[in-house]
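Please find below a colleague's note, set out as numbered points. It is best read with the coordinates open.

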Amino acid sequence: MDLAHKYFNGHTWRYVDHSSGLEPMQSFAFDDTFSESVGADLSPSVVRTWVHQHTIILGIHDSRLPYLKDGIQYLTDERGYNAIVRNSGGLGVVLDQGILNISLMFKGKTEVTIDEAFTVMYLLMSKIFEDDFTEIATHEITHSYCPGKFDLSINNQKFAGISQRRVRGGIAVQIYLCVEGSGSERAALMRDFYERALKGETTKFTYPDIHPTSMASLEELLGRPITVQDVMFKLLYAIKDLGGQLNMDPMTPHEWERYDHYYERMLDRNAKMNAKLD
């Protein structure tokens with residue numbers, strides 16, 4: 001069975017629009033909540049869109065940078081960004097009004113490989129942009145920020161990265177799409193952060209050597225304006241084109257309880273990082 005049929009055709013997807021009004025830490029708590037609901041058959045698969053203002057989302061390895069305090073100080077004091085640590089894989093990424101994040105939460109344990117889960121997102125992205133690009137490449141763009149095997153690029157310029165997380169029988173696959181603005185400016189911001197947080201020190205973990213020209217926005221790659229809102233519409237049409245149905249069921253009281261639990265965990269994780277900075 002092909003993956004489009006397995007995950008979309010005849011399947012209901014619950015759409016949650018969080019494209020305004022949330023704090024970034026809430027986003028990761030919501031994804032864990034929906035992953036758990038999907039894993040326990042309390043919800044159909046979930047697609048969630050989210051946008052946040054001026055925030056750098058750091059990975060676990062970033063929280064171990066030798067001069068993290070200096071790096072974060074640069075982001076907050078000089079550049080006006082917040083910084084938080086997320087609970088899924090990968091390294092630091094930039095979030096702002098021109099970046100659209102999409103999370104897919106669907107049921108799966110060890111029978112769904114890591115590559116299969118990533119491919120579900122890739123399949124959806126290919127559908128969304130089928131009229132814009134003949135093919136989207138998927139391989140690591142080494143000199144991007146948060147480089148990974150499932151980076152999405154056109155002509156070796158990365159515009160999206162994908163991470164995933166597994167919670168209680170549910171899988172969350174999260175993508176950040178650089179839609180508007182300058183990809184290279186965001187990459188330069190992350191390069192400058194790592195320079196200050198590493199200061200040339202040798203570490204066990206290899207942090208990315210970022211070349212700003214290795215990243216671009218969809219707007220730049222297409223050579224015409226495209227907005228976050230445009231991509232959100234394209235996303236919903238793509239799910240329907242693949243044979244999926246959409247609903248917008250509200251959160252249940254049980255889900256709000258579980259959300260509180262996961263949000264507390266995000267607060268604890270970040271409190272530990274902040275304690276190290278004091």
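1. Helix H2 lies across five strands of this predicted model: E1, E2, E6 (99-107), E9 (157-167) and E10 (170-178). Relative to E2, the helix runs at about 170°.

2. H2 itself comprises residues 24-39, a run of 16 residues. From its first C-alpha to its last, the helix reaches 23 Å, close to the 22 Å expected at 1.5 Å a residue. Burial is counted below 20% relative accessible area; 16 of the 16 residues of H2 are buried, so the helix is largely enclosed by the rest of the structure. Just after H2, Asp41 adopts a positive phi of about 60°.

3. The sheet deserves a description of its own. It is open and built from eight strands, in the order E7-E8-E9-E10-E6-E2-E1-E11, with mixed pairing. The edges are occupied by E7 and E11 (residues 245-247); each has a single partner strand, so one side of each is left without a neighbour in the sheet.

4. Within this sheet, E1 (residues 12-18) and E2 (residues 45-50) are paired in the parallel sense, over six bridges. As an example of the register, Trp13 has Ser45 in E2 as its bridge partner.

5. Which residue carries the "active site" annotation? According to the UniProt record, an unreviewed entry, this is Cys146; the annotation may be inferred rather than shown by experiment. Cys146 is located in the loop between strand E7 (137-138) and strand E8 (152-154). Its relative accessible area is 12%, and Cys146 therefore counts as buried.

6. The surroundings of Cys146 can be listed, leaving aside neighbours within four places in sequence. Contacts are made with Arg86, Gly90, Leu91, Gly92 and Val93, and also with Asp151, Lys158 and Tyr176. Any discussion of the annotated position should present these contacts alongside the record's label for Cys146.

7. Is Glu116 buried or exposed? This residue of helix H4 (residues 114-128) has a relative accessibility of 16% and so counts as buried. The side chain of Glu116 forms a polar contact with that of Lys6, at 2.7 Å. Not counting residues up to four places away in sequence, Glu116 touches Leu3, Lys6 and Tyr7. Lys6 thus appears both in the list of residues touched by Glu116 and as its side-chain polar partner.

Definitions and conventions:
Residues are numbered from 1 along each chain as its sequence is written. This is a predicted model: local features need pLDDT of at least 70, side-chain atom pairs count only at pLDDT 80 or more; totals for chains, interfaces and linings use all residues. Side-chain values use heavy atoms; hydrogens and water are left out. Helices (H or I, at least four residues) and strands (E, at least two) are DSSP runs, numbered from the N terminus. The expected span of a helix is 1.5 Å times one less than its number of residues. Buried means under 20% relative accessible area, exposed over 50%, partly exposed in between (1.4 Å probe, protein chains only). A polar contact is a pair of N or O atoms within 3.5 Å; within protein, one must be able to donate a hydrogen and the other to accept it, and residues adjacent in sequence count only if both atoms are side-chain atoms. Contact means heavy atoms within 4.5 Å. Two strands pair if DSSP finds at least two bridges between them. Axes are lines fitted to C-alpha atoms, for helices over the stretch in contact, and angles run from 0 to 180 degrees between N-to-C directions.
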